[in-house]
Amino acid sequence: MTALREVRFPGRGLALVSPDADAAARLCAARFAEAARDAVEHRGRFAVALAGGSTPRRAYALLAEAPLAGEVPWEAVHLFWGDERCVPPGHPRSNYRMAREALLSRVPVPEGNVHRIRGELGRERAAAAYERALREAFGGDVPRFDLVHLGLGGDGHTASLFPYDPALRERRRLAVGALHEGEGRVTLTVPVLAAAARVEFLVTGEDKARRVAEVLARAPDPVRIPAQFVRPASGEPVWIVDEAAASGIRGAGQ
Ligand code: 6PG
């Protein structure tokens with residue numbers, strides 16, 4: 001898979017620009033499969049945190065279809081989530097439900113490898129339970145995901161790290177509760193995102209263009225634009241975007 005074009009923003013990220021949302025989803029899915037094969041070959045398993053919202057659905061569905069479905073060593077894949085809404089797993093707003101419908105119900109990931117955030121417990125109990133699950137799955141103190149998928153909200157949030165939210169300052173816990181427009185959330189914290197080997201954002205649509213430009217090309221202001229906090233161990237996040245979402249960065253970058 002090749003992107004239409006690459007735009008580098010030194011110290012901020014690498015944008016891979018595809019012609020449209022479907023091409024961006026295909027690139028995202030192909031990169032997931034390549035990361036999974038690489039991690040399993042070198043480390044014996046692939047630990048990935050899935051994104052929520054609506055954008056990733058198409059990419060996750062492509063992973064459940066030929067040819068990619070046959071290229072991922074599903075038995076060695078461990079699925080986590082970057083965040084979850086505090087709703088039951090069958091609720092239409094559940095990020096787990098979206099991934100189950102698009103992907104989990106269609107590929108042979110062992111049930112014990114699916115580490116759902118139990119949002120129905122309420123944000124603090126669910127965050128504590130998820131932290132326990134993370135520490136058990138990764139042994140040490142800060143999990144090192146092979147890949148973290150993220151989206152970008154219209155207000156610059158990512159996962160459930162919202163502008164000016166106290167969760168942005170958490171540096172000890174691995175997961176915390178948040179509240180957004182009256183809805184309880186659970187989110188991975190900044191240190192966990194920073195420890196990831198790879199972080200890849202999938203962002204499409206004209207409505208995200210201004211925020212993409214702010215994150216990549218405007219002055220750093222991560223408390224106002226939480227996506228700017230995401231600086232993975234690999235050094236730079238990858239932004240898989242379509243031309244519409246990249247319309248604000250034309251002529252910027254290198
Ligand atoms: C969530 C997500 C959130 C999402 C963005 C973009 O639970 O809502 O994790 O961070 O990625 O809000 O959402 P869309 O893909 O629906 O635009």
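A residue is counted as near the ligand if one of its heavy atoms lies within 4 Å of it. In this predicted model, 15 residues surround the ligand, and Ser54, Thr55, Asp83, Ala159 and Lys208 come nearest. Sorted by class, this shell holds nine polar, four charged and two nonpolar residues. The ligand occupies the largest pocket.

Polar side chains approach oxygen atoms of the ligand at several points. For arginine 85, an N or O atom of the side chain is 2.8 Å from a ligand oxygen. In the case of asparagine 95, the corresponding distance, again from a side-chain N or O atom to an oxygen atom of the ligand, is 2.9 Å. Histidine 157 places a polar side-chain atom 2.8 Å from an oxygen atom of the ligand. The ligand taken alone exposes 410 Å², and 86% of that area is buried by the protein.

The cysteines were examined separately. With a disulfide taken as a pair of cysteine sulfur atoms within 2.5 Å, the count is zero. Cysteine 28 has a relative accessibility of 2% and therefore counts as buried, since the limit for that class is under 20%. Cysteine 86, with a relative accessible area of 21%, is partly exposed, because its value falls between the limits of 20% for buried and 50% for exposed.

Key:
Residues numbered from 1 in each chain as written. Predicted model: local features only at pLDDT ≥ 70, side-chain atom pairs only at ≥ 80, totals over all residues. Heavy atoms only, no water. Polar contact = N/O pair within 3.5 Å; in protein donor to acceptor, adjacent residues only side chain to side chain. Areas by Shrake-Rupley, 256 points an atom, 1.4 Å probe, with all protein chains shown as cover. 1 Å grid on protein atoms, 1.4 Å probe; cavity = no way out; pocket = protein on both sides within 12 Å on 5 of 7 lines; lining within 4 Å. Sits in = over half its atoms within 2 Å of the grid points. Nonpolar A, V, L, I, M, F, W, Y, C, P; charged D, E, K, R; others polar. Buried < 20%, exposed > 50% of the residue type's maximum accessible area, 1.4 Å probe, protein only.
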